[in-house]
Amino acid sequence: DVSPVVAGLIGATVLVVSVSVTVFVWTCCHQQAEKKHKTPPYKFIHMLKGISIYPETLSNKKKINRIRRDKNGTPKETGRGNLLVDAAESGLIGSDKAPDGPNVAPHVDQLPIKVDYGDELSPDQSLTPGGSKTSSPSSPGDDVMLGELTFSVDYNFPKKALVVTIQEAHGLPVMDEHTQSSDPYIKMTILPDKRHRVKTRVLRKTLDPVFDETFTFYGIPYSQLQDLVLHFLVLSFDRFSRDDVIGEVMVPLAGVDPSTGKVQLTREILKRNIQKCISRGELQVSLSYQPVAQRMTVVVLKARHLPKMDITGLSDPYVKVNVYYGRKRIAKKKTHVKKCTLNPVFNESFIYDIPVDLLPDISIEFLVIDFDRTTKNEVVGRLILGAHSITAGGVEHWREVCENPRKPVAKWHSLSEY
């Protein structure tokens, strides 16, 4: 004997609960299906010192003993460190990790110009493409020795697996002036698809690191090896700023035949060449400086020909704008996300108060980033204008802005790899 009102409330409650459970189950199933679609066409197994590590079960918090062998072959404990291995889809992001998400609205930024910035670049240093610092040669004709990298390539025919072992590096340059050493590690990418980015662990305070790490990539037909290129990027870890780029090694597998067994190779580490990087699209930006108000207006206009980042063949790009005084970042802002497009139009402006006397030391970095709800946001490309511009177009754009006050100067720029 339940009153109609109580019965109605009970019925409504049951209905709401049922609908909520149904929506929750459907959402979970949909996310699982999306994750399956995002799985790369072939996976890899990482072997470190004879221990097989499956990246799909790894977390970045996992710790391992770091063991090195001295010249006599005696094992030596060198402490503990983070295992820096990502499962195929890790982004090429430095110490400034994945963005928190795009801002909902731009607004005026006041630069903290009166504080002590301290860690500035000396005249004999410059920012590399990764935003790091390396000593410049004394003259343009001098060759900078960046060391050598030793690795091996093998192929497992029954399992259709490419096996790459990063063994060691020798003669790396000093990247940390305080310790007169480096903290090297290596990122490896299989080109041209760039779907499989892996990292070695970081070895502390050494110029002759012994990695001895094996990466096994399954599902690669032997007939496709001739079209692949192994790209090794040698970096030095920096806890307080963006990691330093030491150099790179490019190895076309067209010249390597692992069919008869393991092939061991030693290649010289070369200075990173931005011009050889695969096109990451273009970005149009406008700058204007008001000398009376001492104010810089930055307008992110639009981008075009961005690479495909999603399974749909499109991307969800937004732009992160970082302002640097010397090497110190003093301001950062983001545009809105533009959904499902490779040619986004932003038309968003940002205003920064910059005194005239600080203008020669200011750099503005534009990072085009693909937004992803389920995985890490991935950097698509990068552009630097100002004191540390690395392209002739960027230098010319900044010069025109400084020589034509109050006049907006808009230009297209090719994005470089981060």
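In this predicted model, Gly261 is found in the loop that runs between β14 and strand β15 (263-268). With a relative accessibility of 24%, Gly261 counts as partly exposed. Along the chain, Gly261 and Val153 are 108 residues apart, yet a distance of 8.6 Å separates their C-alpha atoms. Another loop, the one between β13 and β14 (244-252), holds Asp243. Asp243 has a relative accessible area of 8% and is therefore buried, the cut-off for this class being under 20%. Here too, a contact across the sequence can be described: Asp243 and Pro184 are separated by 59 residues in sequence, and their C-alpha atoms by 9.6 Å in space.

Aromatic side chains come next. Across the whole structure, the search returns 4 aromatic pairs. One of them joins Phe151 and Phe232, whose ring centres are 4.7 Å apart; the planes meet at 40 degrees, so this pair is classed as tilted. Phe151 belongs to strand β8 (residues 148-156) and Phe232 to strand β13 (residues 229-236), so the pair ties together parts of the chain that lie 81 residues apart in sequence. Both Phe151 and Phe232 are buried. The rings of Tyr155 and Phe157 have a centre-to-centre distance of 4.8 Å, and because their planes stand at 75 degrees, the pair is edge-to-face. The two partners of this pair fall into separate accessibility classes: Tyr155 is buried, at a relative accessible area of 7%, whereas Phe157 is partly exposed, at 41%. Tyr155 and Phe157 also belong to a cluster, in which ring pairs link them with Tyr222.

Strand pairing can be followed at β12. This strand (residues 210-218) has 9 residues, of which 7 are buried, so β12 is largely enclosed by the rest of the structure. Its pairing with strand β9 (residues 161-170) is antiparallel and extends over 7 bridges. Within this region, Glu213 of β12 has Ile166 standing opposite.

Turning to charged side chains, the search of the whole structure gives 8 salt bridges. In one of these, Glu282 is bonded to Arg304, with 2.8 Å between the closest N and O atoms. The two residues bring distant parts of the chain together, since Glu282 lies in strand β16 (residues 282-290) and Arg304 in strand β17 (residues 295-304), 22 residues apart. Each partner is partly exposed: Glu282 has a relative accessible area of 21%, and Arg304 one of 27%. Arg304 has a further partner in Trp412, as its charged end sits over the Trp412 ring at 3.8 Å from the centre. Arg304 can thus be viewed from two sides, as the salt-bridge partner of Glu282 and as the charge over the ring of Trp412.

Strand β17 also contributes to a second salt bridge, between Arg295 and Asp353, where the closest N and O atoms are 3.0 Å apart. Arg295 is in β17 and Asp353 is in strand β20 (residues 345-353), so this pair ties together parts that are 58 residues apart in sequence. Arg295, at 33% relative accessibility, counts as partly exposed, while Asp353 is buried, with a relative accessible area of 15%.

A further salt bridge is formed by the side chains of Lys411 and Glu400, at 3.4 Å from N to O. Lys411 lies in strand β23 (residues 409-414) and Glu400 in helix α2 (residues 392-403), so a strand and a helix are tied together by residues 11 apart in sequence. Lys411 counts as partly exposed, its relative accessibility being 25%. Salt bridges also link Glu396, Arg399 and Glu403 into a network.

Finally, the surface carries a nonpolar patch made up of Val17, Val21, Phe24 and Val25, which together have about 370 Å² of accessible area. One of these residues, Val25, lies in helix α1 (residues 4-38). With a relative accessibility of 43%, Val25 counts as partly exposed.

Notes. Residues are numbered from 1 along each chain as its sequence is written. This is a predicted model: local features need pLDDT of at least 70, side-chain atom pairs count only at pLDDT 80 or more; totals for chains, interfaces and linings use all residues. Side-chain values use heavy atoms; hydrogens and water are left out. Patches are made of residues with over 30% relative accessible area and no salt bridge: like charges are joined within 9 Å, nonpolar side chains (Val, Leu, Ile, Met, Phe, Trp, Tyr) within 5 Å. Accessible areas come from the Shrake-Rupley method with a 1.4 Å probe; for residues, only the protein chains shown count as cover. A salt bridge is a side-chain nitrogen of Lys or Arg within 4 Å of a carboxyl oxygen of Asp or Glu. Helices (H or I, at least four residues) and strands (E, at least two) are DSSP runs, numbered from the N terminus. Buried means under 20% relative accessible area, exposed over 50%, partly exposed in between (1.4 Å probe, protein chains only). Two strands pair if DSSP finds at least two bridges between them. Rings of Phe, Tyr and Trp (its six-membered ring) pair if their centres lie within 6.5 Å; planes under 30 degrees apart count as stacked, over 60 as edge-to-face and the rest as tilted. A charge sits over a ring if NZ of Lys or CZ of Arg is within 6 Å of the ring centre and within 35 degrees of the ring normal.
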